[in-house]
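Thanks for asking me to look this one over. My notes are below, in numbered points that you can read alongside the model.

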Amino acid sequence: MLYPLFWMVFSSFKPTPEIMLTSGQLFPRSPTIQNYIVGWAGFARLTFGTFFKNSLFIAVIRVIGVTLSCSLIAFGFARIPFKTKNFWFILMIITMCLPGQVIMIPQYLMFNSMDWVGTYFPLLVPSFFGHAFNAFLLTQFMRNIPKELNETAKIDGCSWFGLYWHIILPLVKPAMATVAVLTFMSSWDDFYSALLYLNKPSMYPVSYALKLFSDEASTNYGPMLAMSSLSLVPILILFFIFQKGLVEGISTTGIKA
Amino acid sequence: MKEINMKTKSEPSKPGCSAVKKPRFMKSFRSNNLISGYLFISPFILGFIIFTFVPFIYSFYLAFTNYNILSPAKWVGLDNFKKMFDDPFFWTSFKVTVKFAAVQVPLKLTVSFLVALLLSKTTSFTGVYRTSFYIPSVVGSSVAIAMTWKQLWGNSGAINSILSFFGIPPVKWLANVKTALYVLVLLGVWQFGSSMLIFLAGIKEVPRSFHEAAIVDGAGPVTRFFKITLPLMTPCIFFNLVNGIIGSLQAFNSSYLITAGTPLNSTLYYSLYLYYQAFNYRKMGYASAMAWFMFIIIVALTALVFKSSSAWVYYQDEGK
């Protein structure tokens, strides 16, 4: 199951000519970190340090945007009784199923006409307007909090925002962490928006840089596998820390959908 | 009525919840629900209009135009659709995608279901297994794994090395028209972890008492599987099936990163061809028409699955 992953990591410590000659053997005969040194140097006079920094920047802003907007949306759907709520909620679920291709081109044209192509805005701004899946996940969690809390807060003269900020938000911290981690991971993996919207190598995230790096040095497997391995480190660390929450998050939405 | 419940167990008053303003706030509560509700979900409403609804309508308009960004869009009626049905590459990409989905969806469903069943039985190592089966889902869609996959299945990659150990001559997996697509299918199936988790959660929801009662009645494990577990799992199967269909018909990454449509367009996914039309040839109108065609196919298929679901999906709360 994990063989491809192990193969990638172990091969990254083999000298490049050895990788394909001994591709069937997992362990390197004479381990070396040369690939990491060569790979880190990157391309276009940019080291992978730049790409990692860019990925981190994009992911952190997206996490802030998604957690903030989705928790507000989820609170509205889960806790406030108001007319037309169901209409919007169903609409949100429908958008989850909408194929991205249909809106990809107009979105690109829109950002293009705003002169946003070549900037980080197309990658970052939409995350502040909610994300259907994550908002749905948080709504499910907020619904599970007893209704009586609403009443108690009302008696105390607490505004809806007070209820959201001081009572509900602290209670759904684990779910918020799950949303944050899921957002971070998908942002880290995302190369498609970089492919569409970024055109300066100095702005590329690791994912897209890796693709170009492998195009450039198509037979230089060693450094490519070394940087590939390195690029997965943040995701795997996050996964092991938040494993429980992630597993629960997926199971819950899966069942309740 | 509920508001009368005023035993005022003076909650430790939180900042922002001042008890002094009680009467005024209480009155305004109900009348303000609509405004407050809308304020809270406003990010979604705004985002929906700006990033989904307007693009959605605009895309429909574009499908009937010729547009290359440089000069203004020109209305051409149904031309794009006519061109599309005469375009051999369009049909190639369509067939490739249907084949991809038709192989990957059932395969992934079966594998994730079987593994979930096995995991639900064992006890001591379940956690470790569950983690290692789930990890591919976490990293699988990354560029790093796509690049590794390409090397694994390369001419002198690990797969051929291992095969040669058993005396099997090397196969040019990614250069052969017959095998390339299946290498990409396997990458998708390898990431069965998240659908497996959904199945696992579903299996856990099956009440133990059902099985116990069946055992008392003398039902063997096979009968119990087909009469209890499987029917109760149909909502999960349904969910994974719909997800799988929608996902696989839109597949893009694995082909773009690993084969770029080669050899001989045998891995030219629909969305990859659409991407080339839009961003390599700047045929925004044609690409929009393609997008709408796929959208209609997906809606029709999903509707079909939904419609069929009443025949095979069993919901416990229907009270049958």
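The points below cover the chain contact, the core, and then some helix packing in chain B.

1. A word first on what we are looking at: this is a predicted model, and everything below should be read as computed from it.

2. Let me begin with the contact of the two chains. Chain A puts 77 residues into it and chain B 80. On the chain A side, helix α14 (residues 221-256) supplies the largest share, with 14 residues. By class, that side of chain A divides into 48 nonpolar, 22 polar and seven charged residues.

3. A:M20 is a good residue to click on. It sits in helix α2 (residues 16-21) of chain A. Leaving aside residues up to four places away in sequence, A:M20 touches A:Y221 in its own chain and B:S156 in the other. Is A:M20 buried or partly exposed? A residue needs 20 or more neighbours to be buried, and A:M20 has 19 C-beta neighbours inside 10 Å, so it counts as partly exposed. For a sense of scale, the C-alpha atoms of A:M20 and A:F87 are 57 Å apart, with their positions 67 residues apart along the chain.

4. Next, the largest nonpolar core, which has 148 residues. Those touching the most other members are A:I73, A:A74, A:I105, A:A135, A:L138, A:V179 and B:A291, so named residues from chain A and chain B appear in one list. Helix α4 (residues 48-79) of chain A gives the most to this core, namely twelve residues. For a close-up, try A:A74: apart from residues up to four places away in sequence, its contacts are A:A135, A:L138, A:T139 and A:M142.

5. Turning to chain B as a whole, I count on 13 helices and two strands for its secondary structure. Of its 320 residues, 39% count as buried. Among chain B contacts between residues at least 6 apart in sequence, 69% join residues at least 24 apart.

6. Helix α7 (residues 180-190) of chain B deserves a look for its buried residues, which are B:A180, B:L181, B:V183, B:L184, B:V185, B:L187 and B:G188. What covers them? The elements include α3 (88-121), α5 (143-152), α10 and α11 (253-259) of chain B.

7. That same α10 (residues 221-249) also pairs with helix α8 (residues 193-205) of chain B, their axes coming within 9 Å and crossing at roughly 150°. Angles over 145 degrees count as roughly antiparallel, so α8(B) and α10(B) are roughly antiparallel. Their crossing is right-handed. From α8(B), B:S195, B:I198, B:F199, B:G202 and B:I203 meet B:T229, B:M233, B:C236, B:F239 and B:N240 of α10(B). The contact has six nonpolar and four polar residues, with no charged ones.

8. My last pair is helix α12 (residues 270-280) and helix α13 (residues 284-312) of chain B, packed at about 160° with axes 8 Å apart. At that angle α12(B) and α13(B) are therefore roughly antiparallel, and their crossing is left-handed. α12(B) brings B:Y270, B:L274, B:Q277 and B:A278, while α13(B) brings B:M284, B:Y286, B:A287, B:M290, B:A291 and B:M294. By class, nine of these are nonpolar, one is polar and none is charged. You will recognise B:A291 from the list of core residues that touch the most other members.

Note on methods
Residues are numbered from 1 along each chain as its sequence is written. Chains are lettered from A and ligands numbered from 1 in the order in which they are written. This is a predicted model: local features need pLDDT of at least 70, side-chain atom pairs count only at pLDDT 80 or more; totals for chains, interfaces and linings use all residues. Helices (H or I, at least four residues) and strands (E, at least two) are DSSP runs, numbered from the N terminus. A residue is buried if 20 or more other C-beta atoms lie within 10 Å of its own, exposed if 12 or fewer, and partly exposed in between; C-beta atoms are placed from the backbone. Two residues are in contact if their C-beta atoms, placed from the backbone, lie within 7 Å. Ala, Val, Leu, Ile, Met, Phe, Trp, Tyr, Cys and Pro count as nonpolar, Asp, Glu, Lys and Arg as charged, and the others, Gly among them, as polar. Axes are lines fitted to C-alpha atoms, for helices over the stretch in contact, and angles run from 0 to 180 degrees between N-to-C directions. Angles under 35 degrees count as roughly parallel, over 145 as roughly antiparallel, 65 to 115 as roughly perpendicular and the rest as oblique. A crossing is left-handed if the near helix is turned anticlockwise from the far one by less than a right angle, and right-handed if clockwise. A nonpolar core is a set of buried Ala, Val, Leu, Ile, Met, Phe, Trp, Tyr and Cys residues joined through C-beta atoms within 7 Å.
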